[in-house]
Amino acid sequence: WLSWWSQVILTVISAVTFIFARNVMEASAIGPMGITKVAPKFILPGVGIVFSTMSIIWTWGGRRLAKRFLRRTNTTQVEAANLLRRVIKVGASINLIGLFTSIFGAQFIIGTLVAKSMQNAVGFGVGIGGGMVSAQTLQPLDLLVVQANTNMLTSHFVSLACLLWLTRMVDKLDPPSLEEDL
């Protein structure tokens with residue numbers, strides 16, 4: 001349950017934060033001819049959220065499979081271990097892809113923030129509109145986006161850690177044999 005609950009909580013918080021940040025930033029970053037510049041920053045983290053949601057559903061299915069093993073007595077330990085190994089393999093793949101996209105999303109977000117901060121350092125706010133805060137200045141909302149992406153990374157990490165622990169438990173139940181590989 002630790003994996004499922006942590007994924008649900010972190011994914012929901014991240015999704016709400018990204019939606020809020022996207023809407024606020026989009027409203028303030030409408031360029032010429034109504035074109036917004038915000039969308040690319042949220043593509044990779046959005047894919048990470050999609051994979052985290054898939055992982056949540058997969059984790060729920062794995063939990064139901066484990067409950068079914070407890071109810072049925074005609075499943076052997078070897079069959080149960082093999083089914084659980086497949087569940088773990090798919091769950092780890094989903095989380096690794098989500099982790100991969102979230103890491104690249106974090107790199108894109110941080111690169112954007114560095115570019116914003118470097119643009120601010122060049123002008124020093126002197127001249128026309130020197131006292132005004134533009135859409136290019138670093139805002140607290142930008143840091144909230146970084147935190148939301150970090151939550152996604154944590155969600156995928158917790159799920160992978162729980163899957164690794166589950167792998168150890170399955171190996172204690174039925175150590176892998178070399179005969180199945182032939």
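Which helices each supply at least two residues of the lining of the largest pocket? They are α1 (2-28), α2, α3 and α4 (140-173). Before going further, a word on what you are looking at: this is a predicted model, where local features need pLDDT of at least 70, side-chain atom pairs count only at pLDDT 80 or more, and totals for chains, interfaces and linings use all residues. Residues are numbered from 1 along each chain as its sequence is written, and side-chain values use heavy atoms, with hydrogens and water left out.

**The overall fold**

The protein chain has 4 helices and 0 strands, and reading along the sequence gives the pattern α-α-α-α. Helices here are DSSP runs of H or I with at least four residues, strands are runs of E with at least two, and numbering starts from the N terminus. Of the 182 residues, 35% count as buried. Buried means under 20% relative accessible area, exposed means over 50%, and partly exposed is in between (1.4 Å probe, protein chains only).

Now for contacts, meaning heavy atoms within 4.5 Å. Take those in the protein chain with a separation of 6 or more: residues 24 or more positions apart account for 82% of them. On the outside, the accessible surface comes to about 11600 Å², and 72% of that belongs to carbon and sulfur atoms. Those areas come from the Shrake-Rupley method with a 1.4 Å probe, and for residues only the protein chains shown count as cover.

**Back to the pocket**

The largest pocket holds about 630 Å³ of space. It has 27 lining residues, and the closest to its centre are Gly62, Arg63, Ala66, Trp165 and Leu166. As for how pockets are found, a 1 Å grid is laid over the protein atoms alone; a pocket is an open set of points where a 1.4 Å probe fits, with protein on both sides within 12 Å along at least five of seven lines, and lining residues have an atom within 4 Å of a point. Grid points are joined across faces, edges and corners, and the volume is the space filled by probe spheres set on the points.

**Where α3 and α4 meet up in space**

Ile88 sits in helix α3 and is buried, at 10% relative accessible area. Leaving aside neighbours within four places in sequence, Ile88 is in contact with Leu163, Leu166, Thr167 and Val170. Leu164 lies in helix α4 and counts as exposed, because its relative accessible area is 60%.

Here are some pairs that are separated along the chain, with their C-alpha distances:

| Pair | Separation along the chain | C-alpha distance |
|---|---|---|
| Ile88 and Val170 | 82 residues | 9.8 Å |
| Leu164 and Ala92 | 72 residues | 8.6 Å |
| Ala115 and Leu138 | 23 residues | 9.7 Å |

Ala115, from the last row, lies in helix α3 and is partly exposed at 39% relative accessibility.

What about charge pairing? The count comes to 1 salt bridge, and Arg85 and Asp171 form it, with their closest N and O atoms 3.4 Å apart. The pair links distant parts of the chain, since Arg85 is in helix α3 and Asp171 in helix α4, 86 residues apart. The rule asks for a side-chain nitrogen of Lys or Arg within 4 Å of a carboxyl oxygen of Asp or Glu. Both partners are partly exposed: Arg85 has a relative accessible area of 22%, and Asp171 has 28%.

**A buried serine and a greasy patch**

Ser52 lies in helix α2 and is buried, with a relative accessible area of 0%. Not counting residues up to four places away in sequence, Ser52 touches Gln7, Thr11, Met152, Ser155 and His156.

Out on the surface, Ile43, Leu44, Val47, Phe100, Phe104 and Phe108 make a nonpolar patch of about 540 Å². The elements giving two or more residues to this patch are α2 (39-71) and α3 (77-123). Patches are built from residues with over 30% relative accessible area and no salt bridge; nonpolar side chains (Val, Leu, Ile, Met, Phe, Trp, Tyr) are joined within 5 Å, and like charges within 9 Å. Phe108, one of the patch members, lies in helix α3 and is partly exposed, with a relative accessible area of 40%.
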